[in-house]
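Student: I am new to this structure and would like a close look at a single part of it. Could you take me through one helix and the helices it touches, step by step?

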Amino acid sequence: MAIDTTTQRPRPRAPRTRAGYLNAVAAMAATTAVATAARALGLPDVEMLFLLGVMITALSSGRRAALLAAALAVVSYDFFFVPPPYTLDISDARYLLTFAMLFGLSVVIGTLTLRLREQRQAAVERERRTAALYALSRELGAALDEESVANVSVLAVAHAFEAEAVFLRARGGELAAIAASPPAAVLGPSERALAQWVAEHGQAAGRGTGTLTGEEVLCTPVRAWGDALAVLAVRTPEPRDLDLEQRGLLEAVARQAALALDRVRLAAEARQAELRARTEALRSGLLSSVSHDLRTPLAVITGAASTLRADLALEPETRRDLSDAICEEAERLERLVANLLDMTRLDAGAVEPRREWVPLVEVLGGALTRLDRRLAGRRVVTALPDDLPLVSLDPVLVEQLLVNLLENAAKYTPAGSTVEIGARSEGDTLCVEVGDRGPGIPPGDEERIFERFHRGAHAGVRGVGLGLPIARAIAQAHGGRLVAANRPGGGAVFRLTLPMSSEPPRAAEPAGESSA
């Protein structure tokens, strides 16, 4: 994660004094040549050209070079254009006023030009710093953890000052470097001690600060709400101090980093609080649902078994009814525990489909066999085409998926109703539909019914609310989808789509036979 910090480079130094003097001499030589040509053409007031030369020198060089250009302008004008020519003698005292005016105007124009130049440079630098801080705040706003904040900060500082930067964070009572630019940049023992002092006292120290100036690094605290959250250390490649504007930019980067660190911390705390709340809600829902659904079959089993044990003279029909009740409630209890275990395994990611090439009719037949008793009294209609290809899936998991869908249909449909099962291939996708003619799905609950522990508001329907979530999780483990919708004319339909991206294996030819 990097930001464009080329606009953050420090202000370039003014040209060296010697180079500025050479520029002044060259400018006055060029101005004298132009003025000589203008005088030869009969143009008057060539001294104005010298004012232009001084202005150009002030724009390209420093203050001293502009003063030298002003002095050279007077000397050149006197030497080449004031009689007697090619001497510095002055035959007419009136030229003294001209020289004074020329020198004074040159100094004033040069000073104003320099001031305008400095103001322009200051405005450009302010704009660059503003753009750099805006880019930095945008990148820090996208940072999701402390390491990202540290990386963005050290890259910004390293590019801004052409220096090494190290970001240190307090961990376990000691500072630890979590980002550096360049990556090989490290702090020595004494520099780490300096950074520790900055973290403890919350003020900058090191080179150019007036505090612990013997070290080669400048350490600035990254603090928010009065506490030092981290330390930003800067080491310049040559022994030079950062100027006031650069120090201000460094402190601005530290403030932005502190706000980003505080935001990351608050976001992490909010996520933890949300996770705790969701965990507590899940635990409460699990306990409330499971406690009731476990207590009911256990009470039935206990009551029936106690009756059988206490009264040995029961009629055979009564004994058979009690035995059937024990078996039915034990099966219900087994399904409940199996659903809980399946959901736990699916949430933990411990379920990997063991794919086999199987016909869908076999998987569906296994599901219908397991629910033969639950679907008693209902008419089950299947519509599977004869040319339905083999499907690569986990037969055990998909059979459980179909069992959950059919069991859901049995719960919410009255006896004598019809349950329809259909399948078709659509390109590289297998579509399986399980429809019923029950009360349907309340509008807006098409997705909520796949949430764990969500149960429909239908009186007399028992369950924990895990069958449909498990079915969707199995579909997603196969790379497919499971959705629900209401049917025209009443009832609900569940559509399962599974990918069929590969060709099934061909049957091996019998030995001794060959194609013609």
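Tutor: What follows is a look at helix α10 and its contacts with two other helices, after a few words on the whole protein.

Please keep in mind that this is a predicted model. The protein has 516 residues, of which 39% count as buried, and its secondary structure comprises 11 helices and 12 strands. Among contacts with a separation of 6 or more, 65% are between residues 24 or more positions apart.

Helix α10 covers residues 395-412, and its axis comes within 9 Å of the axis of helix α9, residues 360-370, the two crossing at roughly 50°. Angles between 35 and 65 degrees fall in the oblique class, and α9 and α10 are therefore oblique to each other. Their crossing is right-handed. On the α9 side the contact is made by V363, L364, G366, A367, L368 and R370, and α10 contributes P395, V398, E399, Q400, L402, V403 and L406. Sorted by class, these residues are nine nonpolar, two polar and two charged.

Turning to the other partner, the axes of α10 and helix α11, residues 467-477, also come within 9 Å, but here they cross at roughly 145°, and this crossing is left-handed. From α10 the contact uses L397, V398, Q400, L401, N404, L405 and N408, which meet G467, L468, I470, A471, I474 and A475 of α11. This contact has nine nonpolar and four polar residues, with no charged ones. V398 and Q400 of α10 thus appear in the contact with α9 and again in the contact with α11.

Terms used:
Residues are numbered from 1 along each chain as its sequence is written. This is a predicted model: local features need pLDDT of at least 70, side-chain atom pairs count only at pLDDT 80 or more; totals for chains, interfaces and linings use all residues. Side-chain values use heavy atoms; hydrogens and water are left out. Helices (H or I, at least four residues) and strands (E, at least two) are DSSP runs, numbered from the N terminus. Buried means under 20% relative accessible area, exposed over 50%, partly exposed in between (1.4 Å probe, protein chains only). Contact means heavy atoms within 4.5 Å. Axes are lines fitted to C-alpha atoms, for helices over the stretch in contact, and angles run from 0 to 180 degrees between N-to-C directions. Angles under 35 degrees count as roughly parallel, over 145 as roughly antiparallel, 65 to 115 as roughly perpendicular and the rest as oblique. A crossing is left-handed if the near helix is turned anticlockwise from the far one by less than a right angle, and right-handed if clockwise. Ala, Val, Leu, Ile, Met, Phe, Trp, Tyr, Cys and Pro count as nonpolar, Asp, Glu, Lys and Arg as charged, and the others, Gly among them, as polar.
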